[in-house]
Amino acid sequence: MRAAFYERQGTAKDVLMVRELPDPEPEAGEVRVKVVASGINPSDIKTRTGFGGKAMPFPRIVPHQDGAGVIDAVGPGVLASRVGERVWIYMAQWGRAQGTAAEFVVVPSVQAVKLADNVSFEIGASLGVPAMTAHRCLFADGDLRGKRVLVQGGAGAVGNAAILLAKWAGAWVAATVSREEQAEVARAAGADFVVNRHEEDVAQTVRSATGGHGVDRIVDVDISANIDVAVACLARDGVVTAYSTETPQAMLTIPFFPALLGGFSFRFVYVYSMPQEAMGQASEEVSACAASGAYAPRIAKTYALDELVEAHQFQESGTAVGKIIVRIQNP
Ligand SMILES: NC(=O)c1ccc[n+]([C@@H]2O[C@H](COP(=O)([O-])OP(=O)(O)OC[C@H]3O[C@@H](n4cnc5c(N)ncnc54)[C@H](OP(=O)(O)O)[C@@H]3O)[C@@H](O)[C@H]2O)c1
């Protein structure tokens with residue numbers, strides 16, 4: 001098969017190559033997927049560059065956790081009827097050397113989830129890390145119908161997924177952005193209220209947009225920077241869920257008294273260590289949301305496998321608004 005891979009950490013241009021590798025074979029409990037589209041996430045870049053001092057987990061890595069395609073072979077213990085099924089894939093490269101930037105990938109059967117016929121492979125490849133993370137952030141503390149949610153960074157991949165899933169679940173959603181192009185993406189995802197975080201006082205405008213009530217949940221991309229906003233616009237018993245902050249060394253200082261009086265909760269989500277039950281619920285509900293037609297994220301750009309260096313450079317530039325997809329082959 002043709003695959004992209006690297007054998008040492010470094011810049012995309014220095015270490016990524018596209019060559020022939022042997023086709024992987026599914027073992028017990030696994031399926032092999034003919035990959036049609038592969039999705040890039042910041043964590044794929046972090047693994048390639050050794051973010052936070054992390055070493056190469058394997059001598060050769062085929063990157064990317066997310067993808068979509070068609071099951072073409074199954075290992076012992078997996079129903080043969082799965083062959084031919086359209087699927088989306090999550091966490092393909094987690095604890096494994098080979099991810100989805102290749103014509104074929106092997107994953108545990110449960111990580112290849114049925115993709116409805118009406119959902120494109122590009123959308124399928126956009127689900128994985130962003131949608132699973134957003135789902136856990138939104139639903140770990142219960143149902144959202146009638147709740148008010150603030151999404152910090154509503155045009156980011158996870159932030160956009162959070163808007164899409166929260167609207168699908170019946171919440172009122174506010175989102176922060178940093179420029180007009182991002183505002184359009186947040187609105188297109190269904191955000192009811194969009195705030196430019198550089199131009200407006202986020203806590204004050206969100207509070208007044210909720211008639212003074214504040215928001216019940218916050219999904220936050222940079223909690224160290226945004227903690228004061230969170231505490232200032234949470235409703236009583238509100239929950240802030242953080243999935244990222246700018247640097248691995250960042251500290252988080254929580255103003256104790258307002259948090260105490262508000263009865264606030266602080267939750268942290270790392271998609272790779274979600275409880276198994278939450279993974280199952282998330283993959284089911286993300287699939288249902290996509291099948292309903294409610295999951296339509298912005299695709300920033302689609303590349304060919306041979307253009308993977310450019311695709312990684314675009315992801316790293318921080319200028320992409322929307323998902324970056326790599327088209328691998330036809331189904
Ligand atoms: N914990 C987990 O399991 C998990 C899962 C997925 C991703 N992540 C991490 O989460 C981060 C975002 O991932 P992503 O795929 O969504 O990236 P992305 O598509 O690049 O989106 C990041 C968004 O956050 C916005 N942003 C940056 N600083 C902000 C701030 N202080 N307040 C509000 N918005 C802010 C950015 O906008 P501007 O900079 O233009 O304002 C951008 O729209 C990455 O570091 C990623 O590794 C963690």
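Start by selecting Ser208, which you'll find in helix H6, residues 202-209. Keep in mind as you click around that this is a predicted model. Is Ser208 buried or exposed? Ser208 counts as exposed, because its relative accessibility is 56%, and the cut-off for that label is over 50%. Now add Phe5 to your selection and draw a distance between the two C-alpha atoms. You should get 50 Å between Ser208 and Phe5, which sit 203 residues apart along the chain.

**Stop two: a covered strand**

Next, select residues 30-39, which make up strand S3. Most of S3 is covered: nine of its ten residues are buried. Now look for its partners.

- Select residues 104-108, strand S6. S6 runs antiparallel to S3, and five bridges link the pair. For one example, pick Arg32 and look across to its bridge partner in S6, Val106.
- Select residues 66-74, strand S4. Here the pairing with S3 is antiparallel too, with eight bridges. Pick Ser38 this time, and find its bridge partner Gly67 in S4.
- Select residues 323-327, strand S15. S15 pairs with S3 in the antiparallel sense over three bridges. Click Gly39, and on the S15 side you'll see Ile325 standing opposite.

While you have strands on screen, try showing the side chains. In a regular strand, they alternate between the two faces of the sheet.

**Stop three: a parallel pair**

Now go to residues 172-177, strand S9. S9 is largely enclosed by the rest of the structure, because five of its six residues are buried. Add residues 148-151, strand S8, and check which way the two strands run. S8 and S9 pair in the parallel sense, over four bridges. To see one of those bridges, select Val151 and its partner in S9, Ala175.

**Stop four: the ligand**

Time to select the ligand and show what lies around it. How many residues surround the ligand? There are 23, and the closest are Lys46, Arg197, Tyr243, Val269 and Val271. If you colour this shell by class, you get ten nonpolar, nine polar and four charged residues.

Zoom in on three side chains here. On Lys46, a polar side-chain atom is 2.6 Å from a ligand oxygen. On Ser178, an N or O atom of the side chain is 3.0 Å from an oxygen atom of the ligand. On Arg197, a polar side-chain atom lies 2.5 Å from a ligand oxygen. How much of the ligand is covered up by the protein? On its own, the ligand exposes 920 Å², and the protein buries 79% of that. Want to see which elements give two or more residues to the shell? Select helix H2 (42-49), helix H3 (121-139) and helix H4 (157-168).

**Stop five: an arginine in H2**

Stay in helix H2 and click Arg48. Arg48 counts as buried because its relative accessible area is 0%, and the cut-off for buried is under 20%. So what does its side chain have for company? Show Gly10 and you'll find its backbone oxygen 3.0 Å from a polar atom of the Arg48 side chain. Then show His312: the side chains of Arg48 and His312 make a polar contact at 2.7 Å.

**Stop six: two backbone angles**

Select Met91, in the loop between strand S5 (86-89) and S6. Met91 has a phi near 55 degrees, a positive value in a residue other than glycine. With 7% relative accessibility, Met91 counts as buried. Then jump to Asp237, in strand S12, residues 234-242. Asp237 isn't a glycine either, and its phi is positive, at about 65 degrees.

**Last stop: the cysteines**

Finish by showing Cys233, Cys289 and Cys137. How many disulfides does a search of the whole structure find? Zero. Why does Cys233 have no bond to Cys137? The closest cysteine sulfur to that of Cys233 is in Cys137, 16 Å away, which is too far for a bond; a disulfide needs two cysteine sulfur atoms within 2.5 Å. For Cys289, the closest cysteine sulfur is again in Cys137, at 15 Å, also too far. Before you close the viewer, check the surface: Cys233 is buried at 0% relative accessibility, and Cys289 is buried at 0% as well.

Definitions and conventions
Residues are numbered from 1 along each chain as its sequence is written. This is a predicted model: local features need pLDDT of at least 70, side-chain atom pairs count only at pLDDT 80 or more; totals for chains, interfaces and linings use all residues. Side-chain values use heavy atoms; hydrogens and water are left out. Buried means under 20% relative accessible area, exposed over 50%, partly exposed in between (1.4 Å probe, protein chains only). Two strands pair if DSSP finds at least two bridges between them. A residue is near a molecule or strand if one of its heavy atoms lies within 4 Å of it. A polar contact is a pair of N or O atoms within 3.5 Å; within protein, one must be able to donate a hydrogen and the other to accept it, and residues adjacent in sequence count only if both atoms are side-chain atoms. Accessible areas come from the Shrake-Rupley method with a 1.4 Å probe; for residues, only the protein chains shown count as cover. Ala, Val, Leu, Ile, Met, Phe, Trp, Tyr, Cys and Pro count as nonpolar, Asp, Glu, Lys and Arg as charged, and the others, Gly among them, as polar.
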